[in-house]
Amino acid sequence: MTALSPTESTEALCRRARDEFESRFGRPATIVVAAPGRVNLIGEHIDYNDGFVLPMAIERYVVIAADTNDDDAVRLYSVDLRQDAAYQTGHDHQPGEKGWSKYPQGVLAGFAGQGIDSLAFDAAFTSNVPLGGGLSSSAALEVATATLVEAISGKTLGLADKALLAQKAEHDFAGVPCGIMDQFSSVFGRDGEFMLLDCRSQEIEAVPFARDDVSIVITNSNVKHELAGGEYAQRRQQCDEAKQILEADNWRDVSADDLARCKDELGDERFRRARHIIGEIARTLETAKALQSGDLDTVGRLMYDSHNSLRDDYEVSCGELDCLVDLAEKIGPEGGVYGSRMTGGGFGGCTVSLVDSAKASDVIAAMADGYEKATGKTADAFASRPARGAHIVQNDLG
């Protein structure tokens, strides 16, 4: 396992974006923007079910260096993939394109729908958010693009409006019917805070996390997932069907007793999906209270309970994620691990663990050995503090 510590600084990432822009387009960038990925401590597959989630923005960013041009064109270049895309100004962006450029295209389409469709610019994109790791690299790309368009156009959206525009891009152009958590995390993230997000009202309650003795360790299984493959949409459909059978307007109005009464009508699969939702909403609220009171043992127990529910009831884990969580649980609080669980959409990606900072290196080493022996694969781990959300780093347009 490779511990990426310290994480590449945002400043270094911005330098790379500026250098690549100048090399590619032959002039200095005048605008640089950044938007973070996120990790969700608990509350998985709950945002599209109008529950509560508890994410934080991470110290991993998508950075875009850009400048306007006089060519009536939009030219996009991915530094990491060495791929480009180009359109004439006013191009009618439509769903269907494959690859990374569908995400900025969806954002440009959203702005065009608001009358902002005549921008001409060149842009170089780079990122240190792992792809396919469940850390919302696509949301970071969408939110960064929206922040760039704001800087170029001079039109600033409300924060929630920007997040919702980016979410619509994910729905329409990537084909993933995600909830609001990823884009809201990238937009609203703040240093030293988790955000308890009410996905029904879109209200955010800050949950401070400024302590240095505990670290958030993110471990990438290096098993990639592709949420547009149908599993994500299937889970969402099953949830909607279960809610209809329960005759409920909202999952937060459904009790465990309600669920038990309808078990036969729901059938086994829909029953288990519903049980995860009801349980995860309760676990998330309890976790936020435990964090605020400093009860890390309770936080850890709830994290393991969440993982077990995602594995058994929602069926979105995989052997590699289960292995990482099992290794963390065996290390336990005595070895420095309070709790661990899969995070993100599932079917691969990352785990998130709450770890004693003084023992983090030993934890990473122990999990490295166990994971490689069990799976033959290696994993990457890094620690992060709650980070700043999307922002403009440089704007020389005046």
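Here a trainee and a mentor talk through how some features of this predicted model get their labels.

Trainee: Let's start with helices. What makes H8 and H9 roughly antiparallel?

Mentor: Their angle. H8 (residues 263-293) packs on H9 (residues 296-312) at about 165 degrees, the axes being 10 Å apart. Angles over 145 degrees count as roughly antiparallel, and therefore H8 and H9 get that label. The crossing of H8 past H9 is left-handed, by the way.

Trainee: Which residues of H8 and H9 make the contact?

Mentor: From H8, the list includes Arg272, His276, Glu280 and Arg283. H9 brings in, among them, Thr298, Val299, Arg301 and Leu302. Sorted by class, the contact holds 5 nonpolar, 5 polar and 7 charged residues.

Trainee: And H3 and H4, why are they called oblique?

Mentor: Same routine. The axes of H3 and H4 cross at roughly 125 degrees, coming within 9 Å. The roughly perpendicular range is 65 to 115 degrees, and roughly antiparallel takes over 145. An angle of roughly 125 degrees fits neither, so H3 and H4 are oblique. This crossing is right-handed.

Trainee: What meets what between H3 and H4?

Mentor: Ser138, Ala139, Glu142, Val143, Ala146, Thr147 and Glu150 of H3 meet Lys162, Ala166, Ala169 and Glu170 of H4. That contact divides into 5 nonpolar, 2 polar and 4 charged residues.

Trainee: Why is helix H2 described as largely enclosed?

Mentor: Count its buried residues. H2 spans residues 102-112, and 8 of its 11 residues are buried, so the rest of the structure largely encloses it. Among the buried ones are Tyr103, Pro104, Val107, Leu108 and Phe111. The cover over them includes strands S5, S6 and S7 along with helices H3 and H4.

Trainee: How do you know that S5 and S6 pair?

Mentor: Pairing takes at least two bridges, and S5 and S6 are joined by 6, running antiparallel. One of the bridge pairs is Arg75 with Ala86 in S6. The two strands form a hairpin with 4 residues between them, and Arg82 in the turn has a positive phi of about 55 degrees.

Trainee: Where else does a positive phi turn up in a residue that is not a glycine?

Mentor: At Ser136, with a phi of about 65 degrees. Ser136 sits in the loop between S7 and H3. Phe347 is another case, with phi near 60 degrees, in the loop between S11 and S12.

Trainee: What makes Ser136 buried and Phe347 partly exposed?

Mentor: Put the accessibilities against the cut-offs. Buried means under 20%; Ser136 has 9%, so Ser136 is buried. Phe347 comes out at 24%. That value falls between the 20% and 50% limits, and Phe347 is therefore partly exposed.

Trainee: Why does Ser221 count as buried?

Mentor: Its relative accessibility is 0%, and the cut-off is under 20%, so Ser221 qualifies as buried. Ser221 belongs to the loop between S10 and H6. Its contacts beyond four places in sequence include Glu320, Leu321, Gly348 and Tyr371. Gly348 is 127 residues away in sequence, while the C-alpha atoms of Ser221 and Gly348 are 6.7 Å apart.

Trainee: And how do you know that Val32 is buried?

Mentor: By its relative accessible area of 0%. Val32 lies in strand S2, and touches Cys14, Arg18, Val63, Ile64, Ala65, Ile392, Val393 and Gln394, leaving out residues up to four places away in sequence. Val63 is 31 residues from Val32 in sequence and 7.0 Å in space, C-alpha to C-alpha.

Trainee: Last topic, the sheet with S3, S8 and S9. What makes S3 and S9 the edge strands?

Mentor: Each pairs on one side only. The sheet is open, its order is S3-S8-S9, and the pairing is antiparallel. S8 (residues 193-198) and S9 share 5 bridges, with Phe194 bridging to Val207 in S9. Helix H5 (residues 181-188) lies across S3, S8 and S9, at about 140 degrees to S8. H8 also lies across those strands, running at about 45 degrees to S9.

Definitions and conventions:
Residues are numbered from 1 along each chain as its sequence is written. This is a predicted model: local features need pLDDT of at least 70, side-chain atom pairs count only at pLDDT 80 or more; totals for chains, interfaces and linings use all residues. Side-chain values use heavy atoms; hydrogens and water are left out. Contact means heavy atoms within 4.5 Å. Axes are lines fitted to C-alpha atoms, for helices over the stretch in contact, and angles run from 0 to 180 degrees between N-to-C directions. Angles under 35 degrees count as roughly parallel, over 145 as roughly antiparallel, 65 to 115 as roughly perpendicular and the rest as oblique. A crossing is left-handed if the near helix is turned anticlockwise from the far one by less than a right angle, and right-handed if clockwise. Ala, Val, Leu, Ile, Met, Phe, Trp, Tyr, Cys and Pro count as nonpolar, Asp, Glu, Lys and Arg as charged, and the others, Gly among them, as polar. Buried means under 20% relative accessible area, exposed over 50%, partly exposed in between (1.4 Å probe, protein chains only).
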